[in-house]
Amino acid sequence: MTVEFPPNTSIGRNALAVLASLPLFEDLEPGALVAVAEELEWFCLPGGTILFKQGDEADSLYAVTSGSLGAFRNDGDGKTTLIGRIQRGETLGEGALLSGGVRTATVKSIRDTELVRFSKEAFEKLVLQYPSAMLHIARVTVARMEQTLRRDSPPIVSRSFAILGNGPGVDADGFARSLVKVLAKFGKTELFTSDLGEQHTSAWFNEVESRRDFVVFVADERSTPWTRQCIGQADSLILLADAKDEPRPWANLDFADVARSESQRTELVLLHQRWVRPGLAARWLKQYPAAQHHHIVSEDDFRRFARILTGRAVGLVLSGGGARGFAHIGVIKALCEAGIPIDICGGTSIGSIIASGLAAGWDNEQMVERYRRTFVDRNPLGDYTLPFMSISSGRRVSRLLRGEVGNIDVVDLPLPYFCVSADLVTSSMVVHRSGLLWRCLRASVAIPGVLPPVFHSQQILVDGGVVNHLPVDVMRGLGRGPVIGVDVGSESSLASCDEVDEMSVLARWNLLRNRKAPNIVQLLLRAGSLSTTLVTAANREQSSILLKPPLQGIDILDWRAFDRAIEAGYRSTMQRMEEIQAALKGDRHRFSV
């Protein structure tokens, strides 16, 4: 459904000014600019309305003058993914003017959005009269395509937020004022409440928003015209709740609003006192399972939430690599000492274990103490068994993991966290964002042949390194900001020997004892990660900055190299700190501590 604007609206009178502000048209000669303005069609899409579908014939270019559109891609398996947003002042469909073809994504309005349409017929008419326009638009289109292919493509950023409190006991106004105070450090911010908002129209709000970096709306406690106005104006919905309350639906978010806001990013914010109580997040997520959730306990949590909302969150991704993964502890220590906040973390195999400690809020001393106790004082792979599935029974690893993290669920971790494993049934990657943490970690480190798989929900889960050694792509898919990738396992530490087809038991023992040949565990570890070489290379490119601590001489099973690996990670990270900070700032958005 589209609604035409009356010819006497302010947008109609300022068509040339609007066009001149769009990069696609800003350098056109005046005559061409007037010709474009005469052919434009102005209309509005209510929130949740489809502009065009993937596979449709491409016959027009569109520009967003206010509001926001979402681009969604269907992967063929019925799964639809948000791949980007088109904000005020941006265009889409330039390729249609040059080549036609079909749409590669479905685009619909995330909120009430005003657009202009420039048809291919109008473009062809323009080119006949002003041939230079073709060259200009082609250059801008190619530049945008190159930008899309770069590793530093921008995060999916929201600029307007609607806060919906759950019940009268939740201080949505106070939360909004605190949020505005933090957002003001990033740009001009405006707060709208019902007493002010009911006096103005959507056009007035759009005008104010065009002169602000961020706007925050506070909805009523019930579903009212003002609440629906807030939802219609927002890129993201913030569902605010007191974590200890009995979960209940949001009275100010009725069925129609939910259907309308499906394409909006929904953030579930759980307010806690003193600490995050286990079990509460899962209860609330049942009310709105599609939401991304956040725990707020302290001012630090509030600042992290603001960075996440605005695409400034720093993500840390840690690779697999056995004992070499202890270098991750040193990397984290260096980043923390430099004042670089880590807002989201995730990893594979040993990287998933180290990242889970960070997500749980352990400081450096706690990490060193706990991981030394788990991996150095007790050999986690020492419970050998008859090799029906693996050479180790896996009971010791499960017991050690459970002893360190308890029965906490991933959703109860103070920091947003994920780890990955591989499902042998479907030959695919599994991203764990919920479930018992120890079990997710056990799956992520289940090296085929070394540890038995984890059998869960019709899945056979093994080490995530089988499919994704460095899951930067998973972090990038969250669209929250720059990503630091740490790869400690890409270099082979295996020793070889002269060409031998067969040898006696004594000869094999002598080679192993003198470290001239790999043992069975080393072979299985290395073989399990060979298939991800191309994936790892691509993920390195997606990192805002890639850290590779020098770990020569440290074997993947050398648990006694604990302190040496930590020191290598710390020193190499400190040496590159200026480069790290510059990379984070340059990741196509401002970085702020």
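Is Ser-427 buried or exposed? In this predicted model, Ser-427 counts as exposed, at 63% relative accessibility. Its place is the loop that joins strand E18 (417–423) to strand E19 (428–432). The phi angle of Ser-427 is near 55°, a positive value in a residue other than glycine.

A second serine has a positive phi as well: for Ser-349, a residue other than glycine, the angle is near 55°. Ser-349 sits in the loop between strand E17 (344–348) and helix H15 (350–359). With a relative accessible area of 8%, Ser-349 is buried, whereas Ser-427 is exposed.

These two loops belong to a protein of 24 helices and 23 strands. Of its 593 residues, 54% count as buried. Among contacts with a separation of 6 or more, 76% are between residues 24 or more positions apart.

One pair of helices can be followed in detail. Two packed helices are described by the angle between their axes and the distance between the axes. For helix H14 (residues 327–337) and helix H16 (residues 364–376), the axes come within 10 Å and cross at roughly 170°. Angles over 145 degrees count as roughly antiparallel, and H14 and H16 are therefore roughly antiparallel to each other. On the H14 side the contact is made by Ile-329, Ile-332 and Lys-333, and on the H16 side by Asn-364, Met-367, Val-368 and Tyr-371. Sorted by class, the residues in this contact are five nonpolar, one polar and one charged.

Ala-334 also lies in helix H14. Ala-334 is buried, with a relative accessible area of 0%. Leaving aside residues up to four places away in sequence, Ala-334 touches Tyr-570, Thr-573, Met-574 and Met-577. The C-alpha atom of Ala-334 is separated by 9.9 Å from that of Asn-364, which is 30 residues away along the chain.

Tyr-371, part of the helix contact, appears again in the largest nonpolar core. This core has 61 residues, and those that touch the most other members are Leu-316, Leu-335, Tyr-371, Tyr-417, Ile-484 and Ile-580. Tyr-417 has a list of neighbours that, not counting residues up to four places away in sequence, includes Cys-345, Gly-346, Ser-352, Ala-355, Ser-356 and Ala-359. Val-410, His-432, Arg-433, Leu-437 and Leu-441 are also among the residues that Tyr-417 touches. A second, separate core has 27 residues, among them Ala-219, Ala-234, Ala-281 and Val-411.

Two of the neighbours of Tyr-417, Leu-437 and Leu-441, are buried residues of helix H18. Seven of the eight residues of H18 (residues 437–444) are buried, so this helix is largely enclosed by the rest of the structure. The buried residues are Leu-437, Trp-438, Cys-440, Leu-441, Arg-442, Ala-443 and Ser-444.

Cys-440 of this helix leads to the cysteines. How many disulfides are there? The count comes to zero. A disulfide is a covalent bond between the sulfur atoms of two cysteines. The cut-off for the sulfur atoms is 2.5 Å, and the cysteine sulfur nearest to that of Cys-440, belonging to Cys-419, is 5.1 Å away. Cys-440 is in no disulfide, and this residue is buried, with a relative accessible area of 7%. Cys-230 counts as buried too, at 0% relative accessibility.

Terms used
Residues numbered from 1 in each chain as written. Predicted model: local features only at pLDDT ≥ 70, side-chain atom pairs only at ≥ 80, totals over all residues. Heavy atoms only, no water. Axes fitted to C-alpha atoms, helices over the stretch in contact; angles between N-to-C directions. Helix = DSSP H or I, 4+ residues; strand = E, 2+ residues; numbered from the N terminus. Parallel < 35°, antiparallel > 145°, perpendicular 65-115°, else oblique. Contact = heavy atoms within 4.5 Å. Nonpolar A, V, L, I, M, F, W, Y, C, P; charged D, E, K, R; others polar. Core = buried A, V, L, I, M, F, W, Y, C linked by side-chain atoms within 4.5 Å. Buried < 20%, exposed > 50% of the residue type's maximum accessible area, 1.4 Å probe, protein only.
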